[in-house]
Amino acid sequence: PIAFDTGPGNALIDDEMRLRFGQDYDEDGRIGGKGQVNQSVLSVLMAHPYFKAVLPKSLDRNSFLREPVAALANEEAIATLTAFTAESLRAAQKLLPKPPKLWVIAGGGALNPTLLAMISNRVSAKVVIADDIGWPAQLMEAQAWAYLAVRSLMGLPLTFPTTTGVREPLTGGVVAGNKS
């Protein structure tokens with residue numbers, strides 16, 4: 001398996017929405033859809049060293065700072081961060097051994113038509129929402145954690161050389177509980 005973080009996902013958009021609008025996310029991509037993408041700031045964001053790193057690699061949601069968009073107008077900032085998420089997928093596809101045949105979007109991004117359009121304009125294959133192929137887009141992260149928990153309980157590997165750079169497949173996690 002090959003696995004790596006492609007970039008910030010919705011984290012920066014959501015953080016900026018909370019800061020500027022007091023909202024948890026850009027509902028239906030309305031605010032990002034009204035703004036113009038600042039190409040200079042997008043270039044600064046894409047110059048982050050993470051995008052030059054080789055696989056395997058991962059990052060933390062706090063790996064990116066908001067400073068590049070801090071001085072932008074509200075709608076321009078959200079549009080630029082939305083484009084950053086889409087642009088990070090374009091960069092990610094260059095790291096794969098062969099181009100994806102399909103991009104499946106899940107989580108909050110699946111509810112943001114502006115983001116979906118920006119992704120579709122940047123990647124080389126069809127983009128669909130997980131729900132369209134029978135996967136529950138809003139439950140996939142919870143299902144993934146449950147899957148990893150079961151693998152952990154069974155002593156099966158959770159991480160592999162091609163996903164995190166470990167020397168051999170490894171189990172993970174510690175089961176803790178109340179022993180009263």
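**View 1. The whole chain, with eight helices and two strands**. Helices (H or I, at least four residues) and strands (E, at least two) are DSSP runs, numbered from the N terminus. This is a predicted model, in which local features need pLDDT of at least 70 and side-chain atom pairs count only at pLDDT 80 or more, while totals for chains, interfaces and linings use all residues. Residues are numbered from 1 along each chain as its sequence is written, and side-chain values use heavy atoms, with hydrogens and water left out. Following the sequence, you will meet the pattern α-α-α-α-α-β-α-β-α-α.

**View 2. Strands β1 and β2, paired in the parallel sense**. Four bridges join β1 (residues 102-105) to β2 (residues 126-129); pairing requires at least two DSSP bridges between the strands. Look for Val104 opposite Val128 in β2. Between the strands, the chain passes through helix α6 (residues 113-120) in a right-handed β-α-β crossover, meaning that the path from the first strand over the helix to the second runs clockwise with the strands pointing away from the viewer.

**View 3. The largest nonpolar core, with 34 residues**. Such a core is a set of buried (under 20% relative accessible area, 1.4 Å probe, protein chains only) Ala, Val, Leu, Ile, Met, Phe, Trp, Tyr and Cys residues joined through side-chain atoms within 4.5 Å. Val69, Phe84, Ile119 and Val127 have the most contacts inside this core. Helix α5 (74-93) gives the most to this core, eight residues.

**View 4. Ile119 and its contacts**. Beyond its neighbours within four places in sequence, Ile119 is in contact (heavy atoms within 4.5 Å) with Ala86, Leu89, Ile105 and Val127.

Key:
Buried means under 20% relative accessible area, exposed over 50%, partly exposed in between (1.4 Å probe, protein chains only).
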